[in-house]
Amino acid sequence: MPENSDNKIVFISGASRGIGAAIAVNLAAAGYDIWLNYRSSADHAQAVKAEIEACGRSCTLLPFDVTDEQAATEMLEPLLIQNVPFAVVHNAGITRDTLLPMMQRAEWDAVIDVHLNSFYILGRIFSRYMLSRRKGRIITIASLSGEIGQAGQVNYSAAKAGLIGASKALARELGKRNILVNAVSPGLIETEMITDLPLDKMLPLIPLGRVGTKKEVAGVVRFLLSEDASYITGQVISVNGGMHM
Amino acid sequence: MEKIKQQLKEILVVDLKIQGVAIEDIDDAGQLFGEGLGLDSLDAVELAFLIEKRFGVTIADMEEGKAVFESINALAQFIEKQQIE
């Protein structure tokens with residue numbers, strides 16, 4: 001018996017690779033159908049779709065740039081008239097790491113756009129339809145950088161901290177409609193985002209002594225979508241091996 | 001106009017699920033928010049969204065929309081005027 005027995009749909013942004021792809025496959029295994037957004041990695045998206053279908057669930061590929069409000073609207077509105085997802089997982093993210101004195105305006109803007117302005121675009125479109133359903137979940141994927149700040153990531157830290165604030169405010173707005181909004185905040189997770197980091201210097205800072213797996217993040221998202229999490233909203237759930245407490 | 005009013009009342013009762021109110025109980029001139037039917041700001045958002053979908057009429061500015069949301073009469077007049085334009 002799958003956790004989700006009434007054909008619930010979950011939309012996931014930036015889900016062709018990394019943590020987003022892991023969340024998509026994990027949720028499909030739990031019985032959710034997936035609306036999978038990606039921007040450019042079509043081959044990767046197809047591979048994730050195949051994994052989802054192998055779980056016996058459906059996967060609708062939605063290729064659009066989350067910073068493009070018109071593209072998002074044109075792709076999502078026709079689908080939303082037919083079906084409203086139970087949950088939205090806003091995961092899309094990029095990094096443009098550099099010290100602020102050297103940072104180009106474009107590097108600042110790109111990171112704020114992909115994480116935060118996209119949350120305005122997606123959150124607005126989906127919440128309008130979710131309101132009348134009187135149930136739903138919205139998860140933002142934040143980051144330890146957004147909780148404690150990270151040198152070289154002033155843009156990324158600002159965007160992720162912004163997502164945390166936006167999630168809490170939206171949790172207050174939508175609580176009365178039984179729409180729960182939470183942030184999941186990963187620490188160091190084995191993705192291509194951390195391949196250039198000096199891990200030998202960072203591992204001693206993690207009480208569990210290792211980086212986390214994508215599956216360990218996906219599992220928390222899965223829990224937050226489950227019936228067991230029905231009294232949790234406006235929270236930041238950190239998945240960081242104890243790196244920050 | 002009467003048809004619009006009837007549709008609006010259906011939205012309130014069926015879609016917004018206002019507790020303990022039947023369609024025939026809703027007074028055309030009565031206040032929708034506060035002391036009247038007791039709608040809140042989220043109801044206003046939902047109502048604006050449903051009006052957009054069902055009538056093709058956009059209430060873009062919620063501040064400006066305040067007068068429009070005064071009563072069923074005010075809403076129906078607004079919708080009819082917008083549809084003609």
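# A guided walk through chains A and B

Visitor: Where is Lys17(B) found?
Guide: Let's start here, keeping in mind that this is a predicted model. Chain B has a helix H1 (2-15) and a helix H2. Lys17(B) is found in the loop between H1 and H2 of chain B.

Visitor: Is Lys17(B) buried or exposed?
Guide: Let's count neighbours: Lys17(B) has 11 other C-beta atoms within 10 Å. A residue with 12 or fewer such atoms counts as exposed. So Lys17(B) is exposed.

Visitor: What is phi of Lys17(B), which is not a glycine?
Guide: Here is something to look for in the backbone of that loop residue. Lys17(B) is not a glycine, and yet its phi is positive. The value is about 50°.

Visitor: Which helix gives the largest share of the side of chain B that touches chain A?
Guide: The contact takes five residues from chain B and five residues from chain A. On the chain B side, the residues divide into three nonpolar, no polar and two charged. The largest share of that side, four residues, comes from one helix of chain B, and that is helix H2 (residues 41-55).

Visitor: Now to chain A. In what order do the seven strands of its open sheet stand?
Guide: Seven strands form this open sheet, and their pairing is parallel. In general, strands of a sheet pair through backbone hydrogen bonds. Reading across the sheet of chain A, the order is S3-S2-S1-S4-S5-S6-S7.

Visitor: Which are the edge strands of chain A?
Guide: An edge strand here pairs on one side only. The twist of the sheet averages 20° from one strand to the next. The two edge strands of chain A are strand S3 (59-63) and strand S7 (236-239).

Visitor: Which residue of S2(A) is the bridge partner of Ile9(A)?
Guide: S1(A) and S2(A) run parallel and are joined by four bridges. S2(A) is mostly covered, with five of its six residues buried. In S2(A), the bridge partner of Ile9(A) is Asp33(A).

Visitor: Which residue of S5(A) stands opposite Val89(A)?
Guide: Val89(A) is the bridge partner of Ile12(A), where S1(A) and S4(A) pair in the parallel sense over three bridges. Strand S4 (residues 87-90) is also joined to strand S5 (residues 136-141) of chain A, by four bridges. In S5(A), Val88(A) stands opposite Ile138(A). Opposite Val89(A) in S5(A) stands Ile139(A).

Visitor: Which residues of S4(A) are buried on the two sides?
Guide: Both faces of S4(A) are covered. On one side the buried residues are Ala87(A) and Val89(A). On the other side they are Val88(A) and His90(A).

Visitor: Which strands does helix H8 of chain A lie across?
Guide: Helix H8 (residues 214-225) runs at about 165° to S6(A). For comparison, helix H2 (residues 42-54) of chain A packs on the sheet by touching S2 and S3, and its direction makes about 165° with that of S3(A). Helix H8 of chain A lies across S1, S4, S5, S6 and S7.

Visitor: Why is H4(A) roughly parallel to H6(A)?
Guide: Helix H4 (residues 105-130) and helix H6 (residues 154-174) of chain A pack with their axes 8 Å apart, at an angle of about 15°. Angles under 35 degrees count as roughly parallel. So H4(A) is roughly parallel to H6(A), and the angle that makes it so is about 15°.

Visitor: How many nonpolar residues does the contact of H4(A) with H6(A) have?
Guide: The residues that make it include Trp108(A), Ile112(A) and Phe119(A) of H4(A), and Tyr156(A), Leu163(A) and Leu170(A) of H6(A). The contact also has five polar and two charged residues. The number of nonpolar residues is twelve.

Visitor: Is Arg134(A) buried or exposed?
Guide: Arg134(A) sits in the loop between H4 and S5 of chain A. Its phi is positive, about 60°, although it is not a glycine. With 11 other C-beta atoms within 10 Å, where 12 or fewer is the cut-off, Arg134(A) is exposed.

Visitor: How far apart in space are Lys135(A) and Ala87(A)?
Guide: Lys135(A) also lies in the loop between H4 and S5 of chain A, and with 13 other C-beta atoms within 10 Å it is partly exposed. Leaving aside residues up to four places away in sequence, Lys135(A) touches Asn178(A) and Ile179(A). Lys135(A) and Ala87(A) are 48 residues apart in sequence, but in space their C-alpha to C-alpha distance is 9.0 Å.

How values were computed: Residues are numbered from 1 along each chain as its sequence is written. Chains are lettered from A and ligands numbered from 1 in the order in which they are written. This is a predicted model: local features need pLDDT of at least 70, side-chain atom pairs count only at pLDDT 80 or more; totals for chains, interfaces and linings use all residues. Two strands pair if DSSP finds at least two bridges between them. Axes are lines fitted to C-alpha atoms, for helices over the stretch in contact, and angles run from 0 to 180 degrees between N-to-C directions. Two residues are in contact if their C-beta atoms, placed from the backbone, lie within 7 Å. Angles under 35 degrees count as roughly parallel, over 145 as roughly antiparallel, 65 to 115 as roughly perpendicular and the rest as oblique. Ala, Val, Leu, Ile, Met, Phe, Trp, Tyr, Cys and Pro count as nonpolar, Asp, Glu, Lys and Arg as charged, and the others, Gly among them, as polar. A residue is buried if 20 or more other C-beta atoms lie within 10 Å of its own, exposed if 12 or fewer, and partly exposed in between; C-beta atoms are placed from the backbone.
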